[in-house]
Structures are given as structure tokens and as C-alpha cells.
Amino acid sequence: MTPEQQAEIDAQRAQTHTTRRATAPGMEAHLYTAYPVLDHGFVRVIDYMGDDAAICQAARVSYGRGTKAVSNDEGLIRYLMRHWHSTPFEMCEVKLHVKLPVFVARQWIRHRTANVNEYSARYSILDREFYIPEPSALAAQSQVNNQGRGAALEGQEAARVLDWLREDSDRAYDHYEAMIATQTASGNPQQGLARELARMNLPANIYTQWYWKVDLHNLFHFLRLRADSHAQMEIRVYADALCRIVADWVPLAYAAFEDYRLGGASLSAKGVECLRRMLAGEEVTQESSGMSKGEWREFMGVVE
Ligand SMILES: Cc1cc2nc3c(=O)[nH]c(=O)nc-3n(C[C@H](O)[C@H](O)[C@H](O)COP(=O)(O)OP(=O)(O)OC[C@H]3O[C@@H](n4cnc5c(N)ncnc54)[C@H](O)[C@@H]3O)c2cc1C
């Protein structure tokens, strides 16, 4: 974040407007602020629509704000979440500005139920900003999960990897700059390669930025998948930052989401049957459960 960018954010935060629309005090406090994520990234809220009451208002198809007692609203929101009655949650929307490494953006963009506008590297010159992991995040390939990481690299190996990441990023950016320049290093004029072509030289740890607008239902779906321990750490830290913001925006809906989705678990019919047998005192094993080894491991992860 440059001082000029920070000044623009501060200027926007200094302004207030009167409105007849419902606002969420928790979200007003977050508006425009850039919350740092990873080494150069951030998330910030640009705009939002709706609050907890808007979910209830839509569910009841009310004429006015439709606000009943908070306890009624809480019960209704929990009911909607519990029974996958999702459309009232779609009545709330949020528009974010996210700065993130390209390899994280590739995972994020798979969530299709959102509106995106990305910084144009055809039009603009990318900044020299690359994600370099903290040494503690520099981990070896997991031996148990092909899609994961294990213990942190140590000693010379860790140092060598960090050096290569830094050197390769810098070298690629030096060449990017040299290719788009209209002067050679020795000061002679040259045509300068188009930005849309020169960028192909840049590695996937370079940062990009976008505006991302999504409704609350689909944001919860994103958070359930990406604030989960199975998600890669580099996208999970963005999801965690968003969870903190959403908890302040729609506290009742977020509490229901945390309870039923993030912290909850769903069981297959076989799982329910096994649980019943266990509660009746039977010693059920993977062999007698009718489940595969993987299913059994996940089932025991829930019930143990
Ligand atoms: C831990 C993890 C590992 C992953 N690994 C891989 C991987 O190895 N390779 C890979 O390619 N992807 C991978 N993904 C991405 C994953 O398969 C999904 O693409 C991503 O999570 C987006 O989910 P989604 O499609 O449900 O979300 P969204 O695109 O936001 O869609 C939300 C829901 O809308 C509906 N929907 C949206 N668009 C359509 C459509 N066109 N047709 C029908 N229904 C639609 C579906 O019900 C969908 O669940 C991984 C994701 C996670 C969380």
C-alpha cells in the first residue's frame, strides 16, 4: 500500500452520508479499511447491502423492515441455515477489493457465483510484488495427503528455496521491465514489448488485484470451502480475514453459519446407522460399518 493509496482510503473513510437504507454498524466500521493478508496482500470492503434484518425481511416478505424481536430473528436465521433455505441469504451482498498472489487468484476464481473485475496487466504495469512465504510456511510435500504439505523445511534446504524464490522473482521482473522499456539499459531507444506479452514471463507468486462482489449465500459457500483446514494456507488466510468481517456485518447469520456449516458435520445414511449402533452399545469397526477406509476415517473424525 503506497502512502497515496492509503490517503485515498483515509479520505473515503472521513466521509459520511445520510441514507434511508439499513446499515450494519459492524460493517460500517470496516468500510474501505485494507486488512493485510500474506506479505503484500489485503482485503477491504468497498460496499455492502443488507444486514441480519434484511435476511428476515426477505424470508417473511415483509412490507417494512419487518424486524421482530432479535430473538425471533435469530431463531429464524438459524432455521433458514439449518434447512438450507438459502435465498434469503442472497439478499445481502458485499463488494470487496482483494490483492492476492496469482496462484491464489486461480483457486479463488473457481467460485463462479460472483462478479469480478481484475486489474489489467495488458493496460497497466504490474508492481514488483511477489509472495515469499514465511519460513514456517515453507513446508515439505505431505506424505499422507497428495494435496497438502507436511513439516516445515529446515536448515540449508529452507534457505536455498527462499533464495531461489526471491532470485527468480527478481530476475523475471527485471526482464519484464527491460522488455517493456522503450530504452535499453545502455540508453538506446527500443520499441518495447507490449505489456500484454511481457507479463507472460512473470511467475505465479506475483500479486494481482480485483474487485469481487458476491451475495452472502455464495460467500458462505466460499468460506466453508476455503476457511477449512483442507484449503491451502495461502487462500485460507484470506477466508479467515473475511470471516472476521462477516461476523461483524451479520452477527446472527455468521453465528448460524459457524454452528451449522463451519463447525458442523454431515453424516451419510451409513454414518447415521453406525452412530445409532454405537449409541446402542455395539462395537462397530470399519469392516462391519460398510464404509470404505477413507469414509470410516472421516466418520471417526466426526464422532470421536
Ligand atoms: C480443498 C479444495 C481442493 C480443490 N482441488 C481442486 C482440483 O484439484 N482441481 C480443480 O479443478 N478444482 C479444485 N477445487 C475447486 C473446486 O472443485 C470448485 O471448483 C471450487 O471449490 C468452487 O466451488 P463451486 O463450484 O461449488 O463454487 P461456485 O462456482 O461459486 O458455485 C456455487 C454452486 O453453484 C452451482 N453452480 C455454479 N456454476 C454452475 C454450473 N455452471 N453448473 C452447475 N452448477 C453450478 C453449484 O451448485 C455450485 O456448488 C478444489 C477446491 C477445494 C476447496
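**Figure 1. Tyrosine 238 and the nonpolar core of the predicted model.** In this predicted model, tyrosine 238 is in contact with Val37, Val43, Val98 and Leu100, not counting its neighbours within four places in sequence. Tyr238 is also listed with Ile77, Leu219, Val250 and Ala253 as the residues with the most contacts inside the largest nonpolar core, which has 52 residues. Helix H9 (residues 233-249) gives the largest share of this core, 8 residues. In soluble globular proteins, nonpolar side chains tend to be buried together.

**Figure 2. Leucine 216 in helix H8.** Leucine 216 lies in helix H8. Is this leucine buried or exposed? Leucine 216 counts as buried because 26 C-beta neighbours lie inside 10 Å. Beyond its neighbours within four places in sequence, leucine 216 is in contact with Phe89, Glu90, Cys92, Val250 and Ala253. Val250 and Ala253 are also among the residues with the most contacts inside the largest nonpolar core.

**Figure 3. A binding site listed by UniProt that includes Leu216 and His221.** An unreviewed UniProt entry lists Thr87, Arg110, His111, Arg112, Glu118, Asp215, Leu216, His217 and His221 under "binding site". These residues are spread over 135 residues of sequence and also in space, with up to 27.4 Å between C-alpha atoms. Histidine 221 is found in helix H8. Histidine 221 has 17 other C-beta atoms within 10 Å, so it is partly exposed.

**Figure 4. The residues around the ligand.** Which residues surround the ligand? They are Arg110, His111, Arg112, Thr113, Asn218, His221, Leu225, His230 and Ala231. By class, this shell has 2 nonpolar, 5 polar and 2 charged residues. Arg110, His111, Arg112 and His221 also appear in the UniProt list that includes Thr87.

**Figure 5. Arginine 226, marked as an active site.** The unreviewed UniProt entry places the feature "active site" at Arg226. Arginine 226 lies in helix H8, which covers residues 216-226. With 22 C-beta neighbours inside 10 Å, arginine 226 counts as buried. Leaving out neighbours within four places in sequence, its contacts are Ala231, Ile235, Arg236 and Ala239. Ala231 is also one of the residues that surround the ligand.

**Figure 6. Alanine 121 and arginine 199, two residues in loops.** A further "binding site" list in the unreviewed UniProt entry holds Gln107, Trp108, Ile109, Arg110, Glu118, Tyr119, Ser120, Ala121, Arg122, Arg199 and Arg226. Why do they not all gather at one spot? They span 120 residues in sequence and the farthest two C-alpha atoms are 29.4 Å apart, so they do not all gather at one spot. Alanine 121 sits in the loop between strand S4 (115-118) and strand S5 (139-141). Arginine 199 sits in the loop between helix H7 (195-198) and strand S7 (207-215). Neighbours within four places in sequence aside, alanine 121 is in contact with Leu126, Arg195 and Arg199, and arginine 199 with Ala121, Leu126 and Tyr176. Alanine 121 is partly exposed, with 18 other C-beta atoms within 10 Å. Arginine 199 also counts as partly exposed, with 18 C-beta neighbours inside 10 Å.

**Figure 7. Where domain 1 touches domain 2.** The protein chain is divided into domain 1 (3-128 + 207-262), domain 2 (132-204) and domain 3 (269-303). The C-alpha centres of domain 1 and domain 2 lie 31 Å apart. How many residues does each of these two domains bring to the contact? Domain 1 brings 10 residues and domain 2 brings 9 residues. On the side of domain 1 that touches domain 2, there are 7 nonpolar, no polar and 3 charged residues.

Terms used. Residues numbered from 1 in each chain as written. Predicted model: local features only at pLDDT ≥ 70, side-chain atom pairs only at ≥ 80, totals over all residues. UniProt positions renumbered as here; feature names shortened; annotations may be inferred. Helix = DSSP H or I, 4+ residues; strand = E, 2+ residues; numbered from the N terminus. Buried ≥ 20, exposed ≤ 12 C-beta atoms within 10 Å, placed from the backbone. Contact = placed C-beta atoms within 7 Å. Near = placed C-beta within 6 Å. Nonpolar A, V, L, I, M, F, W, Y, C, P; charged D, E, K, R; others polar. Core = buried A, V, L, I, M, F, W, Y, C linked by C-beta atoms within 7 Å. Domains from an automatic or database assignment.
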